[in-house]
Amino acid sequence: MSGFLRTDSTRVVDEAGNPVRLLGVGLGGWMNMENFITGYAANESMMRAEVARVLGAERAEGFFDRLLDVFFTDADAELLARAGMNSVRIPVNYRHFEQDSAPFTLLEKGFERLDRVIASCARHGLYTIIDLHALPGAQNHHWHSDNPTHVPLLWQHPHFQDRAVHLWEALADRYRDNPWVAGYNPINEPADESRTALGPFSQRLLSAIRAIDPRHILFLDGNTYSTEFDVFTEPWDNVVYTCHDYASAGLTYGGPYPGFTRGTWVDRDVLEQKFRQRTEYCRRTGTPIWVGEFGPVYTGKPEVDEQRYRILEDQLDIYRRYDASWSIWTYKDIGLQGLVTVSPDSPYLSRFSGFVAKKARLGADKWGATGREMPEVTLAVQELMAREFPEFSPYPWGREDWTRTLLMNILYAQPLTVEYAELFRGLSDEDLSDLADSFTLDRCVVRERLVDTLKRHAG
């Protein structure tokens with residue numbers, strides 16, 4: 001490697017001016033846990049509180065510490081390097097760095113955990129991008145910002161914004177001299193309905209970070225879950241404007257590919273049109289393109305999964321033609337999407353597979369469900385909402401998604417956190433270690449075809 005990365009017109013380059021196309025994975029489920037990745041229900045902080053109720057605070061913390069210790073190690077970094085990757089996007093939850101009960105008081109333990117993985121990646125030639133995936137107050141409406149409601153309060157309360165700035169100042173100060181950190185991704189998938197707060201807050205974050213660390217690239221997500229960029233005017237120096245590019249046909253409810261998904265035709269041309277729409281700002285302003293998240297989900301049905309791999313091949317080919325960098329979602333999970341998956345006969349899935357099946361039956365996880373589960377209830381409520389409130393179309397995704405979020409991802413999901421936690425009752429410390437160690441690489445299954453596909457396109 002040759003020093004710090006920076007932007008140069010449409011490219012990212014090293015200090016010698018050599019182009020660097022960032023190709024990698026997102027480390028979802030590690031310092032920002034997600035329900036479909038590790039198998040719990042609802043949002044992370046609620047789940048942790050319930051597990052602590054059952055195990056006690058000390059034993060619960062010990063379990064989660066061990067899980068985080070084994071989730072990503074040198075062996076995982078080595079696998080990614082062998083697969084041709086050169087970068088890892090690291091999502092983090094602010095709760096690792098401060099507590100709501102003690103705002104602005106920083107926790108060294110969270111920084112030390114992040115240090116470990118950044119150093120591990122560096123040893124294997126992997127750049128890292130630090131991604132604040134869950135901000136104080138929640139920057140979007142859904143579980144992955146650790147939001148227990150459907151209201152992103154970050155945009156309404158200056159207190160939450162002040163805390164986010166304070167945390168980024170601390171992160172910038174800690175990593176300002178580390179050239180293996182490619183840059184900072186300050187807000188994952190913001191959703192500012194007013195379209196008046198994100199632009200000024202992004203400017204505030206940029207100014208605060210640059211006052212401490214003028215060298216690292218900032219990776220700025222667009223509004224509405226990183227799909228809209230009208231909040232930005234002239235591009236800022238050394239900034240990459242980040243899009244997320246999930247293909248509807250590759251989601252759980254996706255139809256055949258090529259074919260119709262919920263009444264809309266999707267083929268390679270449509271994928272390219274959507275990509276061009278999401279990268280219009282980058283192409284118009286002559287700034288680098290980085291697809292911060294993309295990737296289909298897999299069903300275990302050979303015919304369907306063959307179509308998912310075709311979607312992936314088409315997207316990767318499109319990205320290469322536009323010289324776009326990318327970070328696929330996600331590295332490790334319990335089977336839906338990861339390059340690496342927990343073994344079905346592991347202690348973890350042996351204990352929790354029935355619970356995961358119940359979540360699937362209820363459609364309690366938004367990612368991994370169709371939104372049509374339990375039709376005798378779900379569709380009846382959707383039909384009532386359509387009949388009684390035909391003009392209601394709330395931000396960001398309209399009436400159907402809003403109803404689904406409240407009904408399935410909150411009303412069903414939150415009681416499920418109690419059931420998940422109760423499955424820990426009576427376990428010994430050795431049992432807890434075995435559960436956590438199920439996520440160790442040598443006990444997991446590598447999705448070889450997915451790894452080989454990425455390696456081929458990274459070559």
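Begin by selecting Leu-384, Phe-389 and Phe-392, which together make a nonpolar surface patch of about 250 Å²; such a patch joins nonpolar side chains (Val, Leu, Ile, Met, Phe, Trp, Tyr) within 5 Å, taken from residues with over 30% relative accessible area and no salt bridge. The model on your screen is predicted, and local features are used here at pLDDT of at least 70, side-chain atom pairs at pLDDT 80 or more. Residues are numbered from 1 along each chain, and side-chain values use heavy atoms.

Within the patch, Phe-389 sits in the loop between α13 (375–388) and α14 (398–422), and it counts as partly exposed because its relative accessibility is 43%, where buried means under 20%, exposed over 50%, and partly exposed in between (1.4 Å probe, protein chains only).

Next, select helix α11 (residues 302–321), whose end C-alpha atoms are 29 Å apart, in agreement with the 28 Å that its 20 residues should span at 1.5 Å a residue; the expected span is 1.5 Å times one less than the number of residues. Its buried residues, among them Tyr-309, Leu-312 and Leu-316, pack against α9 (268–278), β11 (289–293), β12 (325–328) and α16 (448–458).

Now show the side chains of Glu-313 and Arg-456, which meet in a salt bridge (2.7 Å, N to O), that is, a side-chain nitrogen of Lys or Arg within 4 Å of a carboxyl oxygen of Asp or Glu. Glu-313 lies in helix α11 and Arg-456 in helix α16, so this pair ties together parts that are 143 residues apart in sequence.

Finally, select Glu-61, Asp-65, Asp-69, Lys-109 and Arg-113, which a network of salt bridges links.

Terms used:
Patch = residues over 30% accessible without salt bridge, like charges linked within 9 Å, V, L, I, M, F, W, Y side chains within 5 Å. Areas by Shrake-Rupley, 256 points an atom, 1.4 Å probe, with all protein chains shown as cover. Helix = DSSP H or I, 4+ residues; strand = E, 2+ residues; numbered from the N terminus. Contact = heavy atoms within 4.5 Å.
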